[in-house]
Amino acid sequence: MSEGLRFSWTRAGLPSNLPEKRRDFLKRYGLALALAGAALLLRKWLPVREGTAVYQIPLAAVVLAGWYGGRGPSLLASLICWIGVLYWLIPPEDSFVLPLEYEVGFAIFIALCLFITEFSAARWRVERALEESERRFRLMAETIPEIVWTESVTPRLMLYMSPRYE
């Protein structure tokens, strides 16, 4: 086997020779796709009365996709859930016709999906910024010639000390 065709598998089942960003992209969007599909299938098979209960499980999929994936995966899950709810769960089934009595509920569902997507995207951005700030702090603390440490006030504990302090 040539060296270019050889690869190993990671724990997620993706080839390890893929760049890290691409593996992360595939994991996040794959999770969104799986969550949306599972939510629609679960909602279709559960014996739940018709009405507003049609939106609860797909909405949970959008929340989880946004929480673990950010804006893009949340929008993908939202789109899949919108189409699936409209096609499979709102009567008449197997059609894209939206009856008048479902219009307000479906509009609220779309608005909630968009709100959750933006909320999750903000959380995702803040988390990435915090990781970057932590990385910069550690790089600075480990490379400057001075001694750096942080300590909590109550209870009095040493939280961080630079390698020079040790």
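Here is a walk through this structure, from its overall layout to some of its side-chain contacts.

Before we start, keep in mind that this is a predicted model. The chain has 166 residues, and 30% of them are buried. Its secondary structure comes to 4 helices and 2 strands. If you read along the sequence, you meet them in the pattern α-α-α-α-β-β. How much of the contact in the chain comes from residues 24 or more positions apart? Among contacts with a separation of 6 or more, such pairs account for 45%.

Let's go inside. The largest nonpolar core holds 22 residues, and the members that touch the most others are Tyr55, Val85, Phe106 and Phe109. Which helices feed this core with at least two residues each? They are H1 (20–45), H2 (56–69), H3 (71–89) and H4 (103–143). H3 gives the largest share, with 6 residues. This fits a broader habit: in soluble globular proteins, nonpolar side chains tend to be buried together.

Phe106 is a good residue to pause on. Skip its neighbours within four places in sequence, and Phe106 is still in contact with Tyr55, Trp82, Val85, Leu86, Ile90 and Leu98. Two of the names in that list, Tyr55 and Val85, also appear among the core members with the most touches.

Now for the rings. The whole structure contains 6 aromatic pairs. One of them joins Tyr55 and Phe109, with ring centres 5.0 Å apart and planes at 25°, so this pair counts as stacked. It brings together distant parts of the chain, since Tyr55 sits in the loop between H1 and H2 while Phe109 belongs to helix H4, 54 residues apart. Are these two buried or exposed? Tyr55 and Phe109 are both buried. Phe109 has another partner in Phe106, and here the pair is tilted, with 6.1 Å from centre to centre and 45° between the planes. Phe106 and Phe109 lie 3 residues apart in helix H4, which means about one helical turn separates them. Both of these Phe residues are buried. Put the ring pairs together and you get a cluster of Tyr55, Phe106 and Phe109.

Why does a spacing of three matter? An α-helix has 3.6 residues a turn, so residues three or four places apart point the same way.

Helix H2 is worth a look of its own. H2 has 14 residues and runs 20 Å from its first C-alpha to its last, close to the 20 Å expected at 1.5 Å a residue. Its buried residues are Pro58, Leu59, Ala61, Val62, Ala65, Gly66 and Gly69. These residues cover an arc of only 155° around the axis, so they sit on the same side of H2. What covers them? The cover includes H1, H3 and H4. Just after H2 comes Gly70, which takes a positive phi of about 100°.

Finally, look at the charged side chains. The structure has 10 salt bridges. In helix H4, Glu132 takes part in two bridges that we can follow one at a time. With Arg135, the N to O distance is 2.5 Å. Arg135 and Glu132 are 3 residues apart in H4, so about one helical turn lies between them. With Arg136, the N to O distance is 3.9 Å, and that still counts because the cut-off for a salt bridge is 4 Å. Glu132 and Arg136 are 4 residues apart in H4, again separated by about one helical turn.

How open are these three residues to their surroundings? Glu132 is partly exposed at 31% relative accessibility. Arg135 is partly exposed too, at 45%, and Arg136 is partly exposed at 48%.

Another salt bridge joins Arg156 and Glu151, whose closest N and O atoms are 2.8 Å apart. Here Arg156 is exposed, with a relative accessible area of 67%, whereas Glu151 is partly exposed at 32%. Salt bridges can also link up into a network, as they do for Arg123, Glu127, Arg128 and Glu131.

How values were computed:
Residues are numbered from 1 along each chain as its sequence is written. This is a predicted model: local features need pLDDT of at least 70, side-chain atom pairs count only at pLDDT 80 or more; totals for chains, interfaces and linings use all residues. Side-chain values use heavy atoms; hydrogens and water are left out. A nonpolar core is a set of buried Ala, Val, Leu, Ile, Met, Phe, Trp, Tyr and Cys residues joined through side-chain atoms within 4.5 Å. Buried means under 20% relative accessible area, exposed over 50%, partly exposed in between (1.4 Å probe, protein chains only). Contact means heavy atoms within 4.5 Å. The expected span of a helix is 1.5 Å times one less than its number of residues. The arc is that of the directions from the helix axis to the C-beta atoms. Rings of Phe, Tyr and Trp (its six-membered ring) pair if their centres lie within 6.5 Å; planes under 30 degrees apart count as stacked, over 60 as edge-to-face and the rest as tilted.
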